[in-house]
Amino acid sequence: MTGREDKNANNLFFLCSLIEYISRKTKNHRNVVVNAIGKDNLQHIFDLADVYHSENIDKLSFELTEKHNIESGIFDNVAQAKYSIPTHWDIGKIYKRLIIEISKKENKSLIDAFSEVYNSWLSRKIEDFNSSVYYESPAYLFQSYLKGENL
């Protein structure tokens, strides 16, 4: 382990933040971007995240958008936000913690847990910046995810 986190946690953080960044740029729900990229390509990005993180995120997001034919959508949660907007890094951290917890507790690969979380009801709640869900504790988000609704 180098740094404060192990490599997998760090790579997952980058991947989650990248998905958030691309989703904001293309005005799509997060699951649209995740599904367009696909599990195999997500795994590839995850595996090379320590290399990709040194690239310009605008360039990388543009390349991935083009490569995976991610079209512009109409979901603009940034423009709709009435309050302070969390950064893509802030949201990446929220997803990273939740995905790691689900992966551990349900004995799933990080990419399987990743795909499930981004395609869940909770992802839609996290991406609503007019709610307070993204401010909730990791334990609350995990328990809500398991229950299938906000606690």
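**Notes on an all-helix predicted model**

1. Let me start with a single residue. Leaving out residues up to four places away in sequence, alanine 36 touches His68 and Ile70. Alanine 36 sits in helix 2, and it counts as partly exposed because its relative accessibility is 32%. Valine 51 is 15 residues from alanine 36 in sequence, yet the two C-alpha atoms are 22 Å apart in space.

2. Please keep in mind that this is a predicted model. The mean pLDDT of the chain is 93, and 98% of its residues reach 70 or more. Among the elements, helix 2 (residues 30–37), the home of alanine 36, has the highest mean pLDDT, at 98. Helix 6 (residues 77–80) has the lowest, at 88. A general word of caution: where pLDDT is low, predicted coordinates should not be read in detail.

3. Now the overall architecture. You will find 10 helices and zero strands in the chain, so the pattern along the sequence reads α-α-α-α-α-α-α-α-α-α. The C-alpha trace spans about 40 × 40 × 25 Å along its principal axes. The radius of gyration is 15 Å, which agrees with the value near 15 Å for a compact globule of 151 residues.

4. How much of the chain is buried? Of its 151 residues, 46% count as buried. The accessible surface comes to about 8100 Å², and carbon and sulfur atoms hold 48% of that area. As for contacts with a separation of 6 or more, 74% of them are between residues 24 or more positions apart. The chain carries 19 positive and 21 negative charges, and the mean positions of the two sets are 4 Å apart.

5. Helix 8 (residues 110–118) deserves a look in your viewer. This helix is mostly covered, with seven of its nine residues buried. The buried residues are Leu110, Ile111, Ala113, Phe114, Ser115, Val117 and Tyr118. Which helices do they pack against? The partners are helix 1 (7–26), helix 2, helix 3 (39–47), helix 7, helix 9 (121–126) and helix 10 (138–147).

6. Leucine 42 gives a view of that packing from the side of helix 3, where this residue lies. Its relative accessibility is 1%, so leucine 42 counts as buried. Beyond its neighbours within four places in sequence, leucine 42 is in contact with Leu15, Ile19, Val34, Ile37, Ile111 and Phe114. Two of these, Ile111 and Phe114, are among the buried residues of helix 8. Leucine 42 and phenylalanine 114 are 72 residues apart along the chain, with 9.2 Å between their C-alpha atoms.

7. Is lysine 96 buried or exposed? It is worth checking, and the answer is buried, because its relative accessibility is 7%, under the 20% cut-off. Lysine 96 belongs to helix 7 (residues 88–105). With residues up to four places away in sequence set aside, lysine 96 touches Glu5, Ala9, Leu12, Phe13 and Cys16.

8. Tyrosine 21 is another residue to inspect, this time in helix 1. With a relative accessible area of 13%, tyrosine 21 is buried. Its contacts, leaving aside neighbours within four places in sequence, are Ile57, Asp58, Ser61 and His88. Tyrosine 21 and lysine 59 are separated by 38 residues in sequence, and their C-alpha atoms are 11 Å apart in space.

9. Finally, two backbone points in loops. Lysine 27, in the loop between helix 1 and helix 2, has a phi near 55°, a positive value in a residue other than glycine. At 34% relative accessibility, lysine 27 counts as partly exposed. Asparagine 69 also has a positive phi, near 50°, and is likewise a residue other than glycine. Asparagine 69 is found in the loop between helix 5 (57–67) and helix 6, and counts as exposed because its relative accessibility is 62%, over the 50% cut-off.

Technical notes: Residues are numbered from 1 along each chain as its sequence is written. This is a predicted model: local features need pLDDT of at least 70, side-chain atom pairs count only at pLDDT 80 or more; totals for chains, interfaces and linings use all residues. Side-chain values use heavy atoms; hydrogens and water are left out. Helices (H or I, at least four residues) and strands (E, at least two) are DSSP runs, numbered from the N terminus. The radius of gyration is taken over C-alpha atoms; the globule rule is 2.2 Å times the number of residues to the power 0.38. Buried means under 20% relative accessible area, exposed over 50%, partly exposed in between (1.4 Å probe, protein chains only). Contact means heavy atoms within 4.5 Å. Accessible areas come from the Shrake-Rupley method with a 1.4 Å probe; for residues, only the protein chains shown count as cover. Lys and Arg count as positive and Asp and Glu as negative; His and the chain ends are not counted. The place of a charge is taken as NZ of Lys, CZ of Arg, CG of Asp or CD of Glu. pLDDT is the predictor's confidence in each residue, from 0 to 100.
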